[in-house]
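Student: Could you walk me through how to read the fold and the core of a model?

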Amino acid sequence: QLQLVESGGGSVQAGGSLRLSCAASGYFIDTRYMGWFRQAPGKEREGVAAIALGRTNYAVYADSVKGRFTMTEDNFKNTVYLEMDSLKLEDTAMYYCASTTTDWGRPPLAVSKYKYWGQGTKVTVSS
C-alpha cells in the first residue's frame, strides 16, 4: 500500500508562485510515474503534470500550464514537487498528486491511469 500526502497549497495573488509537495510513504519501489492533477469547483479533475520517476527530464505538462509549472522529484525523500509560477485566476483548484506502477510508456495525464491518490491541497489565486 502507498500513501501520498500533499502540502504547500495556499492563497496567492495572480502572478505569484507556490510550490506544492507530495510525500510518498509505504511501498514505493514499484512506482513508475507520478502526476499532479487539479479539480476546480464544478469541473472534472484534469491532469496538470506527470513525470517518469528517475527520469525527471521526461515530464509532460498540460498545455494550460506549460512554461509556468515545473514538476520535479527528490528520490531520497520519495517526494515530488510542483513549482507553480505566474499563477492565474484559473489555476484555482484542489491539487492532487497520484502514482501508478503500470508502465504506460510515457507519463500519463489521464486520471484513469493512476491508482493511488492523495487527499489534495487547495490553491486559491486571487486578483
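Tutor: Gladly; we start with the basics, then turn to the fold and the core. This is a predicted model, where local features need pLDDT of at least 70, side-chain atom pairs count only at pLDDT 80 or more, and totals for chains, interfaces and linings use all residues. Residues are numbered from 1 along each chain as its sequence is written, and side-chain values use heavy atoms, with hydrogens and water left out.

Student: How many helices and strands does the chain have?

Tutor: Helices (H or I, at least four residues) and strands (E, at least two) are DSSP runs, numbered from the N terminus. Here there are 0 helices and 11 strands. The radius of gyration, taken over C-alpha atoms, is compared with the globule rule, 2.2 Å times the number of residues to the power 0.38. The chain's value is 13 Å, close to the 14 Å the rule gives for 127 residues, so the chain is as compact as a globular protein of that length.

Student: Which residues have the most contacts inside the largest nonpolar core?

Tutor: Such a core is a set of buried Ala, Val, Leu, Ile, Met, Phe, Trp, Tyr and Cys residues joined through side-chain atoms within 4.5 Å; buried means under 20% relative accessible area (1.4 Å probe, protein chains only). This one has 30 residues, and W36, M71, L82, M84 and Y95 have the most contacts inside it. Its largest share, 4 residues, comes from β3. A second, separate core of 7 residues includes F37, A50, A52 and Y114.

Student: What does Y95 touch?

Tutor: Contact means heavy atoms within 4.5 Å. Leaving out residues up to four places away in sequence, the partners of Y95 include W36, F37, L82 and M84.

Note on methods:
Buried means under 20% relative accessible area, exposed over 50%, partly exposed in between (1.4 Å probe, protein chains only).
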